[in-house]
Amino acid sequence: MQRKTLSMLVAAAFAGASLTAVAGPVTDDMILNDAKSTGDVLSFGMGTQGQRYSTLSKINTGNVSKLVPAWAFQFGGEKQRGQESQPVIHDGKIFVTASYSRMYAVDAKTGRELWQYDHRLPEGIMPCCDVVNRGAALYDNLVIFGTLDAQLVALDQNTGKVVWKEKLDEFSAGYSYTAAPLVVKGLVITGVSGGEFGIVGRLDARDAKTGKIVWTRPVVEGHMGYLNGKENGITGETNASWPGDTWKTGGSSTWLGATYDAKTNLVYVGTGNPAPWNSHTRPGDNLYSCSTVAINPDTGKIVWHYQNTPNDGWDYDGVNEFVTFDMKGADGKAVRAGGKADRNGFFYVNDAETGKLLNAFPFVDKVTWASKIDLASGRPVYNDDNRPGNPGADKQGKTVFSAPSFLGGKNQQQIAYSPDTGLFYVPANEWGMDIWNEPISYKKGAAFLGAGFNIKPLNEDYIGALRAFDPKSGKKVWEVKNNAPLWGGAMTTKGGLVFYGTPEGHLKALDAKSGKELWAFQTGSGVVAPPVTWEQDGEQYIAVVSGWGGAVPLWGGDVAKRVNFLNQGGALWVFKLAK
Amino acid sequence: MILPCSVPRLLATALAAALTLAALFATPAYALELRKPGVLRVAVYNDFPPFSDRESGGIDVDIAKALAGKLGLKLDLAWAEADEKVEDDLRNYVWKGHYMGNEIADLMLHMPVDPVFNERVKQVKLLAPYFAENLMVARDVKRIPKLENLEPFFQNHDIGVEVGGGSDAFLMALYAGRMQNHIKHFKTHAQAIEALRKGEVSAVMGPRTELEGLLGGDREGYAVSAIEMTGPVLTFWQPGVAVKADKPQLIAAVEKAMAELVASGEMAAIFERHHARYNPPRAEGVPH
């Protein structure tokens with residue numbers, strides 16, 4: 001009873017208009033209130049729903065032009081490359097991860113370094129897709145992050161010393177970890193990343209205080225889940241949508257992490273593409289690849305799934321974040337829904353309780369693989385001509401031009417949702433790819449059937465576009481074009497603003513209603529990370545990490561011309577209003 | 001304590017100086033293209049029996065030793081983690097290096113000598129094919145006494161493949177996928193051969209030398225044979241050496257030394273030592 005009273009008091013305190021930082025250990029209640037509390041940023045997504053919306057309005061459309069740097073912090077070292085990290089902030093400290101599995105604690109007022117943790121990476125480790133890290137999670141006195149050698153490390157927030165360390169999986173089998181962990185009800189929840197062949201995507205939940213495994217849930221049908229060391233039911237139905245034993249190595253990597261909504265008590269995770277790449281050899285839907293999967297964190301069981309790209313043949317990972325919000329239905333009643341801007345170019349709105357498809361519309365101008373998503377059946381209407389050819393039938397396999405490219409209409413860069421405007425802000429990219437079977441291909445020791453890709457821009461003047469969409473009508477309200485592909489997430493605030501970064505190095509502030517640019521600052525290297533905001537000593541601050549890299553320079557094809565002049569870096573920039 | 005400057009000591013010093021001078025004059029032109037003087041750094045795949053295994057060595061490890069010996073250099077092995085494609089391995093180990101900061105090698109073994117493929121990776125020169133490799137089937141002869149085609153695998157026999165490899169793509173696509181329920185996927189050929197020995201599958205499809213080498217000396221009751229195949233994947237290829245394209249002297253020296261190893265029979269002896277028949281490279285190369 002006493003506990004209930006206390007939590008009610010805490011809830012009441014959070015409801016207060018201007019709440020500064022709460023000191024002491026980070027609790028479940030604090031994490032659940034993260035989206036409302038303004039004095040801290042306790043979770044990836046600025047709240048576990050991932051809306052990236054702040055109720056702060058001290059910086060607003062009227063004064064954002066006076067935003068100036070408060071301080072900057074350089075990661076230093078010889079190591080740079082992609083910096084995709086979202087900082088988390090608690091008790092006057094900023095915790096920010098950097099490339100090559102590094103973490104820094106910085107004094108939020110002064111930018112002074114408090115401690116640095118350099119994870120020792122083993123010899124011979126070869127992560128596939130740059131050396132990024134997307135951020136840490138906070139719980140109790142711990143700051144927890146995943147490393148390139150697939151370890152989960154919990155450090156003491158005050159000292160940077162290791163409290164516990166757990167192996168997520170074998171780095172020698174190609175596993176890695178780059179996403180920010182999610183903390184729900186005392187559990188730290190992680191997916192897996194890396195290793196195209198032979199891996200199976202899953203979600204693991206560990207006791208956040210000790211790192212001890214509580215449950216694991218594979219996201220490919222046929223695989224057994226576990227809870228407290230005991231069998232907890234097979235995912236789906238074995239062989240229902242995969243031929244032979246292909247489900248055993250079905251891919252579906254969960255490399256971008258998960259979101260959580262306390263109202264539905266569901267964890268939402270996006271799943272990657274199925275393996276092998278040639279879709280003709282695995283007829284069927286290949287569940288639950290390229291899907292949103294909703295899991296009850298108390299039971300470790302799947303409650304619903306929705307598949308965005310059944311029998312994927314284009315490498316359209318479905319890993320993108322499912323961001324829940326309240327959408328008013330025709331009857332005026334609000335439905336708890338979730339929005340997801342998929343790699344495949346469609347924006348999906350699903351009922352967050354049941355997974356039922358409520359709306360789906362393209363958020364990029366050109367989508368070739370499907371003409372639409374049928375709302376009644378929830379399935380795509382494929383353009384059969386646009387599926388890469390079956391190499392068994394035709395030795396060369398025809399070249400098809402597909403849009404979006406496999407880097408997606410949206411990739412790792414996060415969307416934001418404003419309850420004020422009712423709009424989603426989507427950092428989108430307009431590009432396509434030539435894709436063909438490559439019969440003359442080799443891998444370790446043998447010839448194999450490879451695929452050739454070449455990514456091509458669709459327009460002369462831009463690839464990236466920050467777009468505002470009404471999720472109910474599917475209407476594009478505005479857009480701001482960008483020459484290079486956008487790779488950094490968006491944030492929106494009660495001040496009527498949308499913040500986002502560009503590879504060209506700018507952090508920008510736009511009017512959330514019109515898209516009009518109100519402010520921009522050159523950070524000195526490309527921004528491929530999402531900004532955050534918080535309040536301390538009565539002032540509102542904005543922070544963003546700058547440091548060009550990620551998948552675009554590695555895979556760019558013809559896109560490389562638009563980005564190969566960009567310089568690497570590694571810095572945390574913090575801004576506030578000039579006095 | 002000061003050592004007396006004895007005569008033998010003086011002599012030794014003089015001799016050493018003379019030898020150094022001689023070595024300098026005798027230094028072949030390719031030595032200047034090595035990453036470190038006197039050392040040949042050779043990349044071989046990690047965890048790749050019977051060719052290269054950190055613990056047990058293998059065919060490629062022996063070839064690397066023989067090659068370094070012929071060139072009068074000290075061997076330094078670079079253990080390569082395979083990436084998705086050979087293009088990636090060539091970038092990571094021969095011409096650029098991986099962004100984790102590994103040390104690249106002077107050359108890499110087991111790289112396909114194929115002009116069409118070489119066009120895609122112009123940063124390296126693919127040369128000196130040292131054997132011919134093709135897809136074959138290893139089988140348990142008690143279960144399948146005779147194998148003329150793939151018919152047994154449409155009915156009651158399971159066949160193992162390495163996931164994502166050429167045989168995987170070949171068999172999965174065959175006859176609109178009618179064999180798919182009889183194809184068993186393994187992470188490595190070594191695991192597939194283990195399953196064959198345990199009776200979990202009746203056969204394994206893969207590169208001939210790998211199948212033979214993994215079966216090893218005790219091959220009673222097993223046979224490795226070819227079957228007729230046409231499909232989307234190359235079933236014949238020729239592994240050789242990759243050297244960075246801007247090292248003409250090293251390329252010439254490697255080409256000569258490797259040809260000598262093949263001509264002298266040393267190459268065949270290495271294969272046989274690892275229980276694989278030696279199939280010499282064909283002069284006409286890989287047919288496309």
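User: A crossing is left-handed if the near helix is turned anticlockwise from the far one by less than a right angle, and right-handed if clockwise. Which is the crossing of α2(B) and α10(B), left-handed or right-handed?

Analyst: Happy to help! This is a predicted model, where local features need pLDDT of at least 70, side-chain atom pairs count only at pLDDT 80 or more, and totals for chains, interfaces and linings use all residues. Residues are numbered from 1 along each chain as its sequence is written, with chains lettered from A and ligands numbered from 1 in the order written. Helices here are DSSP runs (H or I, at least four residues), numbered from the N terminus, and the crossing of α2(B) with α10(B) is right-handed.

User: How are α2(B) and α10(B) directed relative to each other?

Analyst: Helix α2 of chain B spans residues 59–71 and helix α10 of chain B spans residues 266–273; their axes (lines fitted to C-alpha atoms over the stretch in contact) are 9 Å apart. The angle between them, on a scale from 0 to 180 degrees between N-to-C directions, is about 150°. Angles over 145 degrees count as roughly antiparallel, so α2(B) and α10(B) are roughly antiparallel.

User: Which residues of α10(B) make the contact?

Analyst: Two residues are in contact if their C-beta atoms, placed from the backbone, lie within 7 Å. On the α2(B) side are Ile59(B), Asp62(B), Ile63(B) and Ala66(B). Their partners in α10(B) are Glu266(B), Ile270(B) and Phe271(B).

User: At what angle do α7(B) and α8(B) pack?

Analyst: Helix α7 of chain B covers residues 189–197, and helix α8 of chain B covers residues 208–215. Their axes are 10 Å apart, and the angle is about 55°.

Key: Helices (H or I, at least four residues) and strands (E, at least two) are DSSP runs, numbered from the N terminus. Angles under 35 degrees count as roughly parallel, over 145 as roughly antiparallel, 65 to 115 as roughly perpendicular and the rest as oblique.
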